[in-house]
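Reader: I would like to go through this model with you, contact by contact. Could you begin with the nucleic acid and then turn to the protein chains?

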2 protein chains.
Amino acid sequence: MSNPSTVSTAGFSAAHPIRILIVDDQAMVRQGFGALLDAQEDMSVVGSAADGSEVVDLVRTTRPDVVLMDIRMPRVNGLDATRAVFAMPGDQHPRVIMLTTFDADEYVFAALQAGASGFLLKDATAEDLAGAVRVVAGGEALLAPSITQKLIADYVSRPAARTPDTRVLGALTERELDVMRLVATGRSNAELAAELFLSEQTIKTHVSRILAKLGLRDRTQIVVTAYESGLVSAGS
Amino acid sequence: MSNPSTVSTAGFSAAHPIRILIVDDQAMVRQGFGALLDAQEDMSVVGSAADGSEVVDLVRTTRPDVVLMDIRMPRVNGLDATRAVFAMPGDQHPRVIMLTTFDADEYVFAALQAGASGFLLKDATAEDLAGAVRVVAGGEALLAPSITQKLIADYVSRPAARTPDTRVLGALTERELDVMRLVATGRSNAELAAELFLSEQTIKTHVSRILAKLGLRDRTQIVVTAYESGLVSAGS
DNA sequence: GAGGTCGTCACCCGGGCGGGTGAACGTGGT
DNA sequence: ACCACGTTCACCCGCCCGGGTGACGACCTC
């Protein structure tokens, strides 16, 4: 899995070793992976922690490029620790690779959402691990094949991320879009009037214009169109 | 990127070589990749094609385990060819790895949706390619790191695949869910009556029951709840 | 057979909704 | 200066919608 950016990363890191922080509650893992990665000439393990609670402080003091993070840990788990890392002020967040002993698919989405760039099983070989660190340090991402498989299956089952439809957004004025968004929450005209500090009649005018411009009949069709066009989306 | 299943695959394929079909319009690629993979002792290139139009026939006659498919080809492109392969009758479809000369992110989702299990750039090394074939033949999936990066970015931006909410699905009867789904398309009571061959009054009764059971006020809130609960979802 | 749920349908009533028309004000373009 | 457009608001009207009540048959449980 090499490609131009991996190569350039390797060249770059010869001068500036990739700084690595290892977070795992098992001392064996910290020592094993630590020694293994430290042996790579383009990498340097700058710290380790046994608990997610120390991660933020360590990131602040050691400034790692890549954090290897066990997902299951006592006290603060890897998920929360990752979220905490990406919640840190500034925009120089380290890249995070999640480690898991077995196939914990229920955490994959949460981990990626939290900001992780990689997901490896702990049975990975030395080459796998070192390669993954280089890939992730190079700004790309890498998942274990079994994880990739699950991710793809989940991915294709999700609706395409909808960019708000231009045919809708274009025809309506900004104010009408405001009203449409609120109509799509199930509110009545009177409620919209109160919400927007307007007369109910004004709301009715806006709603009528929306209906006319979009060729719809009633407010239920406005709600449907709002969802289908991506103006609003499920999950609030 | 090795793991138990990769190992078992290799062990399995020593007795039964992985059968490979190569589809690419460039003769250089067919010959190069073909010779490269054929040199692997656990692989056997069983055919090649320069055009997506021949793929279905070749899959039928050569029964490959893995198809390496260029995404850009004259006449029938790799996307359509992949769809055609998975549209073939029977359930013993080969696994498909898409190849692309450069970073064609706009095709990634379509390719995966079509059924592809892998996505590689053509600058992959021999080890990358052979490793990817083994991973995919073993039932898992593998993406180039730059593709993985884009996939993750797109993935986390999508709303979680909603499993229809039990609080909604549980309270309503099957018939009421039917009506709710149709209400959520923006139809009037009269239209629902016609659609379901019922009296309009019956529809009104169902709608009233839905409103009462879910604690809603009017049909627009039914539409909102239908979308938010996952009973229906955008993208039709 | 008694009781419960579900699906079907009827009548009446009140109210929110949508349609039509008109108008005022401010902004921006030519 | 003029017109177009967007935003705001008013009055009137017709009607679909939602609420209440009651009913009938089918099915299932006990």
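**Contacts with DNA and between chains**

Author: This is a predicted model. In it, 20 residues surround DNA strand C, and the closest are Arg219(A), Thr173(B), Ser199(B), Thr202(B) and His206(B).

Reader: Which helices each supply at least two residues of the surface near DNA strand C?

Author: Helix H11 (200-214) of chain A and helix H11 (200-214) of chain B each do so. The largest share comes from H11(A), with six residues.

Reader: And how do the residues of that surface divide into nonpolar, polar and charged?

Author: The surface near DNA strand C has ten polar, seven charged and three nonpolar residues.

Reader: What part of the DNA strand C atoms within 4 Å of the protein belongs to sugar or phosphate?

Author: Sugar or phosphate accounts for 65% of those atoms, and the rest belong to bases.

Reader: Let us take particular side chains. Where does a polar side-chain atom of Arg175(B) lie?

Author: That atom of Arg175(B) is 2.9 Å from a phosphate oxygen of DNA strand C.

Reader: Which base atoms do Thr205(B) and Arg209(B) approach?

Author: For Thr205(B), a polar side-chain atom is placed 3.1 Å from a base nitrogen of DNA strand C. For Arg209(B), the partner is a base oxygen of the strand, at 3.5 Å from a polar side-chain atom.

Reader: Now the protein interface, please. How many residues of chain B are in contact with chain A?

Author: There are 55 residues of chain B in contact with 55 residues of chain A. The area buried between the two chains is about 4800 Å², and carbon and sulfur atoms give 60% of that area.

Reader: How many salt bridges are there between chain B and chain A?

Author: The count is two salt bridges. One of them joins Glu191(A) to Arg217(B), with the closest N and O atoms 2.9 Å apart. Between the chains there are also 16 residue pairs in polar contact, both residues being at pLDDT 80 or more.

Reader: Which elements of chain B supply at least two residues each of the side that touches chain A?

Author: Those elements of chain B are helix H5 (105-114), helix H6 (126-137), strand S6 (142-143), helix H7 (145-156) and helix H12 (219-229). The largest share, nine residues, comes from H7(B).

Reader: What is the make-up of that side by class?

Author: The side of chain B that touches chain A comprises 24 nonpolar, 18 polar and 13 charged residues.

Technical notes. Residues numbered from 1 in each chain as written. Chains lettered and ligands numbered in written order. Predicted model: local features only at pLDDT ≥ 70, side-chain atom pairs only at ≥ 80, totals over all residues. Heavy atoms only, no water. Contact = heavy atoms within 4.5 Å. Buried area = accessible area lost by both parts, 1.4 Å probe. Salt bridge = Lys/Arg side-chain N within 4 Å of Asp/Glu carboxyl O. Polar contact = N/O pair within 3.5 Å; in protein donor to acceptor, adjacent residues only side chain to side chain. Helix = DSSP H or I, 4+ residues; strand = E, 2+ residues; numbered from the N terminus. Nonpolar A, V, L, I, M, F, W, Y, C, P; charged D, E, K, R; others polar. Near = heavy atom within 4 Å.
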